[in-house]
Amino acid sequence: MDGIFNITNFKFNKPYFPQSKILELFNISETTLKRYIAECKSAQELGMFKIDGVRQNMFEPKMFLNWLIENKINGPQQYDYQKAEVDNLKTNITKLTRGTN
């Protein structure tokens with residue numbers, strides 16, 4: 001695994017975030033997130049869970065990041081659009097380490 005994408009390099013100020021904040025943090029669209037959820041065997045792989053009385057899905061950011069690294073960044077990239085998506089993710093994750101996102 002690329003050293004810059006080592007999960008221990010990332011510090012989040014909360015143990016979990018609502019879906020809208022995850023979209024903002026990782027700079028992905030809601031459609032993309034829905035596609036990721038559909039690609040998973042279970043939503044728990046992404047660190048997604050529900051809290052009674054809260055409208056939005058909640059996410060554990062380290063689990064979500066780990067899934068992105070394992071399944072998207074280090075996963076197979078057969079088509080140009082997949083390579084573009086990975087390049088985008090790498091840029092956004094790099095911003096997270098710098099605290100600019």
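**Close-up views of a predicted model**

P15 is exposed, with 62% relative accessible area. The legends below describe close-up views of this model, which is predicted.

**View 1. P15 and the residues around it.** P15 belongs to the segment before β1. Beyond its neighbours within four places in sequence, P15 is in contact with F59, E60 and P61. The C-alpha atoms of P15 and K62 are separated by 8.4 Å, although the two residues are 47 residues apart along the chain. The accessible area of P15 lies over the 50% cut-off, so this proline counts as exposed despite these contacts.

**View 2. N13 and P61.** N13 is also found in the segment before β1, which precedes the strand at 17-18. Its relative accessible area is 68%, and N13 is therefore exposed. From the C-alpha of N13 to the C-alpha of P61 the distance is 9.9 Å, with the two positions 48 residues apart in sequence numbering. P61 is also one of the contacts of P15.

**View 3. The aromatic pair F12 and F26.** Seven aromatic pairs are counted in the model. One of them joins F12 and F26, with 6.5 Å from centre to centre. The planes of these two rings are 40° apart, and the pair is tilted. F12 lies in the segment before β1 and F26 in helix α1, so the pair ties together parts of the chain that are 14 residues apart in sequence. Both F12 and F26 are buried. The two residues belong to one aromatic cluster, together with F17, F59 and F64. F59, a member of this cluster, is in contact with P15 as well.

**View 4. The aromatic pair Y16 and F49.** The ring centres of Y16 and F49 are 5.5 Å apart. Their planes stand at 80°, so the pair is edge-to-face. Y16 is in the segment before β1, and F49 is in strand β2 (residues 48-49). The pair therefore ties together parts that are 33 residues apart in sequence. Y16 has a relative accessible area of 37% and is partly exposed. F49 is partly exposed too, at 25% relative accessibility.

**View 5. The salt bridge K21 to E24.** The structure holds five salt bridges. In one of them the side chains of K21 and E24 meet, at 3.2 Å from N to O. Both residues are in helix α1 (residues 19-26). Because K21 and E24 are three residues apart in this helix, about one helical turn separates them. K21 counts as partly exposed, at 29% relative accessibility.

**View 6. E39 and its two salt-bridge partners.** E39 forms a salt bridge with R35, and the closest N and O atoms of this pair are 3.4 Å apart. Both residues lie in helix α2 (residues 30-39), where they are four residues apart, about one turn of the helix. E39 also meets K72 in a salt bridge, at 2.7 Å from N to O. This second pair links distant parts of the chain, with E39 in helix α2 and K72 in helix α3 (residues 61-73), 33 residues apart. E39 is partly exposed at 41% relative accessibility, and R35 is partly exposed at 34%. K72 has 12% relative accessibility, which is under the 20% cut-off, so K72 counts as buried. A network of salt bridges links R35, E39, K72 and E85.

**View 7. The largest pocket.** The largest pocket holds about 240 Å³ of space. It is lined by 14 residues, and the closest to its centre are E39, N71, K72, P76 and Q82. E39 and K72, which form a salt bridge with each other, are thus shown here again as residues of the pocket lining. Helices α2, α3 and α4 (80-98) each supply at least two lining residues. The largest share of the lining comes from α4, with four residues. By class, six lining residues are charged, five are nonpolar and three are polar.

Conventions:
Residues are numbered from 1 along each chain as its sequence is written. This is a predicted model: local features need pLDDT of at least 70, side-chain atom pairs count only at pLDDT 80 or more; totals for chains, interfaces and linings use all residues. Side-chain values use heavy atoms; hydrogens and water are left out. A salt bridge is a side-chain nitrogen of Lys or Arg within 4 Å of a carboxyl oxygen of Asp or Glu. Buried means under 20% relative accessible area, exposed over 50%, partly exposed in between (1.4 Å probe, protein chains only). Rings of Phe, Tyr and Trp (its six-membered ring) pair if their centres lie within 6.5 Å; planes under 30 degrees apart count as stacked, over 60 as edge-to-face and the rest as tilted. On a 1 Å grid over the protein atoms alone, a cavity is a set of points where a 1.4 Å probe fits but cannot get out, and a pocket is an open set with protein on both sides within 12 Å along at least five of seven lines; lining residues have an atom within 4 Å of a point. Grid points are joined across faces, edges and corners, and a volume is the space filled by probe spheres set on the points. Ala, Val, Leu, Ile, Met, Phe, Trp, Tyr, Cys and Pro count as nonpolar, Asp, Glu, Lys and Arg as charged, and the others, Gly among them, as polar. Contact means heavy atoms within 4.5 Å.
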